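User: I am in my first year and would like to understand how descriptive words are earned by a structure. Could we go through one together, with the reasoning spelled out?

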Amino acid sequence: MTDTGTLPVTSPDRRPLVALYAGSFDPVTHGHEDLIKRTLTFADRLIVAVAHNVNKQPLFTVEERMHFIREVTGNDPRIEVRSFRGLLVDFARDTGARVNVRGLRAVSDFEYEFQIALMNRHLRPELETVFMTPSLDTTYISSSMVREVARFNGDVSGLVHPLVGDALMTRYAAMRAAGELPPLPATAKGGTPTGSAETGNAETGNTETGRSL
Ligand code: COA
């Protein structure tokens, strides 16, 4: 038998563990879904919080993003999908969340995440940040990459839920029809030849400044 010394074997704190998973979720990807599933292995409740992120110009509205999250998580009663403005720590305080979960996909995530975790601890020491290891096959996914693939008619089926994939294709088709995006280049599957090269985000005026990979 293992000697546990004077440490109690179980925590005396029996309050339900409410975890918070915040992000832009523009849109929710299989990577986010993976983290949500993992969090539910130890948390009693999870609040997935869609940020009104002032640093990003989203493709989908906050309401659309919340709808996608509810759908892809199968309306699990342990999950509450909310939106928030302002500081994460204030939202955590107001909702009773004690743990803030974050995924560390690569070493490159670490510096940024470590800095935010320390800032959040400075602002609210009661909120504990828990870094999770995502599944290996989702570590390369980011919402902005998914948007880029979808925008050029690429296959996003292994990256997002079919509902989200359809919504992406519909949104970009509507933007092209409205002249907000140029026609697809001839090389894009099913695209219309244009004779002009696409030039990344500059043509849409997309000024996303958030970390994307
Ligand atoms: N799987 C797949 N993708 C992941 C992922 C995972 N496990 N973890 C992160 N990502 C992606 C996201 O999709 C996002 O992609 P994108 O930039 O292409 O959209 C990117 O990695 C960054 O994710 P994240 O760090 O969660 O940024 P975010 O913009 O989605 O959310 C907030 C950041 C909202 C959580 C953060 O800015 C915040 O807390 N804001 C409130 C203000 C505040 O309190 N700031 C802290 C004190 S200064």
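User: What percentage of the residues in the protein is buried?

Analyst: This is a predicted model, and in it buried residues make up 26% of the 213 residues in the protein. The protein has six helices and five strands, and from the N terminus on they follow the order β-α-β-α-β-α-β-α-β-α-α.

User: What makes Val-18 count as partly exposed?

Analyst: A residue is buried with 20 or more other C-beta atoms within 10 Å and exposed with 12 or fewer. Val-18 has 17 C-beta neighbours inside 10 Å, and therefore it counts as partly exposed. Val-18 is placed in strand β1, and, leaving out residues up to four places away in sequence, the residues it touches include Ala-43, Ile-47 and Thr-95. Its C-alpha lies 5.7 Å from that of Leu-46, although the two are 28 residues apart in sequence.

User: How do you know whether Asn-75 is buried or exposed?

Analyst: The same kind of count decides it, with 12 or fewer as the limit for exposed. Asn-75 has 9 other C-beta atoms within 10 Å, so it is exposed. Asn-75 sits in the loop between α2 and β3, and it has a positive phi of about 50 degrees although it is not a glycine.

User: Why is a positive phi worth pointing out, and which residue other than glycine has a phi near 65 degrees?

Analyst: It is pointed out because most residues other than glycine have a negative phi. The residue with a phi near 65 degrees is Asn-153, which lies in the loop between α5 and α6. With 18 other C-beta atoms within 10 Å, Asn-153 is partly exposed, since exposed would require 12 or fewer and buried 20 or more.

User: What makes the peptide bond from Asp-26 to Pro-27 cis?

Analyst: The bond from Asp-26 to Pro-27 has omega near 0 degrees and is cis, whereas most peptide bonds are trans. Pro-27 is located in the loop between β1 and α1.

User: Why is α2 called roughly antiparallel to α6?

Analyst: Two packed helices are described by the angle between their axes and the distance between the axes. The axes of α2 and α6 come within 9 Å and cross at roughly 150 degrees. Angles over 145 degrees count as roughly antiparallel, and so α2 is roughly antiparallel to α6. Phe-68, Glu-71 and Val-72 of α2 make the contact with Leu-163, Val-164 and Ala-167 of α6, and these residues divide into five nonpolar, no polar and one charged.

User: Which residues touch the most other members of the largest nonpolar core, and which element gives the most to it?

Analyst: Among the 34 residues of the largest nonpolar core, Leu-20, Tyr-21, Val-48 and Ala-49 touch the most other members. At least two core residues each come from β1, α1, β2, α2, α3, α5 and α6, and β2 gives the most, with six residues. Leaving aside neighbours within four places in sequence, Val-48 is in contact with Tyr-21, Ile-36, Ile-69, Ile-79 and Val-81.

User: How many residues surround the ligand, and which are the closest?

Analyst: The ligand is surrounded by 26 residues, the closest being Gly-23, Gly-31, Ala-51, Gly-103 and Ser-144. By class, this shell has nine nonpolar, 14 polar and three charged residues, and β1, α1, α4 and α5 each supply at least two residues of it.

Methods: Residues numbered from 1 in each chain as written. Predicted model: local features only at pLDDT ≥ 70, side-chain atom pairs only at ≥ 80, totals over all residues. Helix = DSSP H or I, 4+ residues; strand = E, 2+ residues; numbered from the N terminus. Near = placed C-beta within 6 Å. Nonpolar A, V, L, I, M, F, W, Y, C, P; charged D, E, K, R; others polar. Core = buried A, V, L, I, M, F, W, Y, C linked by C-beta atoms within 7 Å. Contact = placed C-beta atoms within 7 Å. Axes fitted to C-alpha atoms, helices over the stretch in contact; angles between N-to-C directions. Parallel < 35°, antiparallel > 145°, perpendicular 65-115°, else oblique.
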